[in-house]
Amino acid sequence: MRATAIAQPNIALIKYWGKRDSDRNLPAVGSLSVTLGSIGTRTTVEFDAALDSDRVHINEQEVESVDRRVEKCLDRFREKAAIAHKAVVTTANDFPTGAGLASSASGFAALVVAADRALDLNLGEDELVDIARTGSGSAPRSLYGGFVLLENDSDDGIRCGSVLGPETWPWSIIIAVTSEAPKKVSSTDGMELSRTTSPYFSRWVETHDADLRAAVASIEDRDFEKLGELAERNCLKMHAVAMTSRPPLLYWSGATLECAQNIRELRKSGVPVFFSIDAGPQLKAFCLPDNSEEVRDSLESVPGVLRVISSELGEGARIVE
Ligand code: 2P0
């Protein structure tokens with residue numbers, strides 16, 4: 001009753017920010033992401049009848065109180081398998097945890113894939129998507145590789161799947177790490193604050209679908225420039241909503257903004273590149289493989305950048321043991 005899975009973080013080009021139902025963790029808007037290839041989460045799940053509670057170890061440390069969302073996901077699997085066994089979850093990230101690098105996405109994606117195999121359930125993709133989503137709204141996207149679309153469906157749920165595999169249109173993603181510290185306001189809390197207090201939240205939701213459709217069309221057309229324009233603007237729209245929440249959410253550091261200006265200058269000089277920023281101070285730059293060294297060198301030279309992580313596009317979550 002034990003299995004190990006690897007899942008990789010994803011970065012949204014068109015962002016998820018806000019929930020339409022926070023109890024059920026249903027997103028207010030769809031999203032479009034790329035799955036990374038070079039950094040990941042490795043998670044082992046072992047169900048054991050001798051345990052009296054679920055236990056979680058993150059990066060070699062046992063957590064004092066198990067996250068309710070992890071228990072909820074495990075409960076869904078116990079229900080399906082009709083067992084009461086508690087589980088030990090052992091998970092490790094090879095990148096900063098909780099610092100705007102989508103550790104909850106890869107964490108929950110690896111958890112559901114491992115739990116499914118540990119209990120030999122072989123659940124369908126739709127069920128795995130649904131269970132992953134109850135853990136973290138961005139987690140279903142890490143179940144898939146390449147370019148991934150997550151949408152609300154007409155059945156009051158979500159659907160998720162790959163739009164284009166990682167090999168079809170190779171990209172490079174360069175992450176400028178400006179802080180290794182966990183963020184002060186979680187995405188979950190930030191989204192709820194924005195939904196209830198930002199005067200721009202309703203416009204964000206109203207205008208979102210047009211961004212999503214246009215971005216999917218640009219992927220189909222392999223139009224890097226158009227997609228970059230849409231993604232960068234959508235990211236800044238998300239941060240405008242966050243910044244106009246009460247109290248304001250400012251996820252950027254000074255170095256984040258320096259990196260953004262650096263990428264804009266680079267683009268002005270003729271390099272096809274764009275950026276995105278999530279609920280943390282790291283900046284993510286996207287370019288085609290031919291330009292990755294130049295983009296990397298440029299971000300490395302920005303004061304305040306601690307280190308740079310380069311990645312290609314990656315695969316969806318998978319069993320390794
Ligand atoms: C995204 N983020 O689309 C956006 C951009 C953060 C900024 O998806 O509350 O940690 O667990 O469903 O999955 C972060 O969302 O939030 C996220 P919950 P989650 O990548």
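**Ligand shell**

I looked first at which element supplies most of the shell around the ligand, and found that helix H4 (residues 187-197) gives the largest share, three residues; helices here are DSSP runs of H or I with at least four residues, strands are E runs of at least two, and both are numbered from the N terminus. I note that this is a predicted model, in which local features need pLDDT of at least 70 and side-chain atom pairs count only at pLDDT 80 or more, while totals for chains, interfaces and linings use all residues. Residues are numbered from 1 along each chain as its sequence is written, and side-chain values use heavy atoms, with hydrogens and water left out.

I then listed the residues that come nearest among the 18 around the ligand, namely Tyr16, Lys19, Ser136, Gly137 and Ser138, where a residue is near if one of its heavy atoms lies within 4 Å of the molecule. By class I recorded six nonpolar, seven polar and five charged residues in the shell, with Asp, Glu, Lys and Arg counted as charged, Ala, Val, Leu, Ile, Met, Phe, Trp, Tyr, Cys and Pro as nonpolar, and the others, Gly among them, as polar. Domain 1 (2-166) and domain 2 (172-312) each contribute at least three residues to the shell, the bounds being taken from an automatic or database domain assignment.

For polar atoms I found a side-chain atom of Ser138 at 2.6 Å from a ligand oxygen, one of Thr188 at 2.7 Å from a ligand oxygen, and an N or O atom in the Arg69 side chain at 3.2 Å from a ligand oxygen. The ligand taken alone exposes 470 Å², of which the protein buries 93%, by the Shrake-Rupley method with a 1.4 Å probe.

**Asp54**

I located Asp54 in the loop between strand E6 (41-48) and strand E7 (55-58). Asp54 is buried, with a relative accessible area of 8% (buried is under 20%, exposed over 50%, partly exposed in between, with a 1.4 Å probe and protein chains only). Its side chain makes a polar contact of 2.8 Å with the side chain of Arg78 (a pair of N or O atoms within 3.5 Å; within protein, one must be able to donate a hydrogen and the other to accept it, and residues adjacent in sequence count only if both atoms are side-chain atoms). A polar atom of the Asp54 side chain also lies 2.8 Å from the backbone nitrogen of Ala87.

**Glu46**

I placed Glu46 in strand E6 and noted that Glu46 is partly exposed, at 31% relative accessible area. The side chains of Glu46 and Arg2 are joined by a polar contact of 3.4 Å.
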